[in-house]
Amino acid sequence: MDFKTLLHNRQRVLPIIGTPTALSAMMVKKMGGEAIYLSGGVLSANQYGLPDLGLTSFDNVLVEVDRITDACDLPLLVDIDTGWGGLLGTQRVVKKLIKSGAKGLHIEDQITQKRCGHRPNKMLVSVTEMCNRIKACVDAKTDSDFMVLARTDSFSKEGLNGAIDRANAYLEAGADGIFIEALHTLDEYQLFTQSVKAPVLANMTEFGETPYFSQKELTEVEISMALYPVTLARMMNQAAESAINSILNKGSQKSIIDQMQTREQLYEILNYQQYENIIDNIQRETA
């Protein structure tokens, strides 16, 4: 399945869940999710202990893409920041992502030394430069169904009209849809979707500029995709803090056992018994 197929004639918003690990991607599929996401900020923090300031490389990202797509066949959307390495580098990124099984990407209109989309002091490239980034992505596609989303961080700098103007220019350059970052109200989203005739993604990240709108509310203002990029990572990290505290300060993990995924639950997700059966069959055949 690809994103264009998922969005075709869809009557409600598509939730896209950020998956920090291959296992979490498998969990999303098991629980009925339809699409997953690899966040550059989550990768920077969880895999490398670095802030989301463009400090990781595409090769770092590709390692995680390979891990996730090997384990889970849900369509994966990948954050490629500003594209890495100029226009030729961006084209390499697109070709490698498609080869690795990703089904889409988003590229943003910040300068190369980018910042988190919900932090101050972001700086934008010109519309022309961003359009060139998009054209590089589109020209490099070897799969016509691969989705190229253009992310714009322009609302905080240029207001809603500026963001709309940029979005329509990006669509003209070949983008399949728009990732509009850090709007504040449902009315703003409604005005945006009325003026931008393409799939629009709303970022529902926590502790940022955008309130926690429900999927019903987003559907009503014609948002196509709702992204939850860091939710699982935040929950996992908070749980890890609780476990560390219990071990170090309570002398045992007993008080948090009921909060843990059990061995049986993990084995079910991993199809552990199926792997053991393969080993047993091989051993019987060679006995």
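The following exchange goes through a predicted model, from its overall build to single residues.

Biologist: How many helices and strands are there in the protein, and how does the radius of gyration stand against the globule rule?

Modeller: The protein has 12 helices and eight strands, and its C-alpha atoms fill a box of roughly 65 × 50 × 40 Å along the principal axes. For 287 residues the globule rule gives 19 Å, and the radius of gyration of the protein is close to that, so the protein is as compact as a globular protein of that length. The counts are therefore 12 helices and eight strands, and the radius of gyration is 20 Å.

Biologist: What percentage of the residues in the protein is buried?

Modeller: A residue counts as buried if its relative accessible area is under 20%. Isoleucine 16, in strand β1 (residues 14-18), meets this cut-off, because its relative accessibility is 0%. Over the 287 residues in the protein, the buried part comes to 46%.

Biologist: Which element gives the largest share of the lining of the largest pocket?

Modeller: The largest pocket holds about 740 Å³ of space, and the elements that give two or more residues to its lining are α2 (22-30), α10 (231-249) and α11 (263-270). There are 22 lining residues, and those nearest the centre of the pocket are Met27, Met235, Met236, Gln259 and Gln261. The largest share, seven residues, comes from α10.

Biologist: How many residues of the lining of the largest pocket are nonpolar, polar and charged?

Modeller: Methionine counts as nonpolar, and glutamine falls among the polar residues, so the residues nearest the centre, Met27, Met235, Met236, Gln259 and Gln261, include both kinds. Over the whole lining the division is 14 nonpolar, eight polar and no charged.

Biologist: How many aromatic pairs are there, and what is the angle between the planes of tyrosine 189 and phenylalanine 213?

Modeller: The count comes to three aromatic pairs, one of them formed by tyrosine 189 and phenylalanine 213, with 6.1 Å centre to centre. This pair links distant parts of the chain, 24 residues apart, since tyrosine 189 lies in helix α8 (residues 186-195) and phenylalanine 213 in the loop between β7 (200-203) and α9 (215-220). Tyrosine 189 is buried at 0% relative accessibility, and phenylalanine 213 is buried as well, at 13%. The pair is edge-to-face, with the planes at 85°.

Biologist: Why does the pair of tyrosine 267 and tyrosine 272 count as stacked, and are the two rings' residues buried or partly exposed?

Modeller: Planes under 30 degrees apart count as stacked, and the planes of tyrosine 267 and tyrosine 272 lie at 10°, with the ring centres 3.9 Å apart, so the pair is stacked. Tyrosine 267 has a relative accessibility of 27%, and tyrosine 272 has one of 33%. Both values lie between the cut-offs of 20% and 50%, and tyrosine 267 and tyrosine 272 therefore count as partly exposed.

Biologist: Which residue has its charged end over the ring of phenylalanine 179?

Modeller: A charge sits over a ring if, among other conditions, NZ of Lys or CZ of Arg is within 6 Å of the ring centre. Here the distance to the centre of the ring of phenylalanine 179 is 5.3 Å, and the residue is arginine 151.

Biologist: Where does alanine 182 lie, and what is its phi?

Modeller: Most residues other than glycine have a negative phi. Alanine 182 departs from this sign although it is not a glycine, and at 6% relative accessibility it counts as buried. Alanine 182 lies in the loop between β6 (177-180) and α8, and its phi is about 65°.

Biologist: What is phi of asparagine 271, and is asparagine 271 buried or partly exposed?

Modeller: Asparagine 271 is found in the loop between α11 and α12 (272-286), and its phi is a positive value, near 55°. Its relative accessibility is 41%, so asparagine 271 counts as partly exposed.

Biologist: What distance separates the C-alpha atoms of phenylalanine 155 and glutamate 181?

Modeller: Phenylalanine 155 is found in helix α7 (residues 155-172) and counts as buried at 12% relative accessibility. Along the chain, phenylalanine 155 and glutamate 181 are 26 residues apart, and their C-alpha atoms are separated by 7.3 Å.

Key:
Residues numbered from 1 in each chain as written. Predicted model: local features only at pLDDT ≥ 70, side-chain atom pairs only at ≥ 80, totals over all residues. Heavy atoms only, no water. 1 Å grid on protein atoms, 1.4 Å probe; cavity = no way out; pocket = protein on both sides within 12 Å on 5 of 7 lines; lining within 4 Å. Points joined across faces, edges and corners; volume = space filled by probe spheres on them. Helix = DSSP H or I, 4+ residues; strand = E, 2+ residues; numbered from the N terminus. Phe/Tyr/Trp six-rings, centres within 6.5 Å; stacked < 30°, edge-to-face > 60°. Buried < 20%, exposed > 50% of the residue type's maximum accessible area, 1.4 Å probe, protein only. Lys NZ or Arg CZ within 6 Å of the ring centre and 35° of its normal. Rg over C-alpha atoms; globule rule 2.2 N^0.38 Å.
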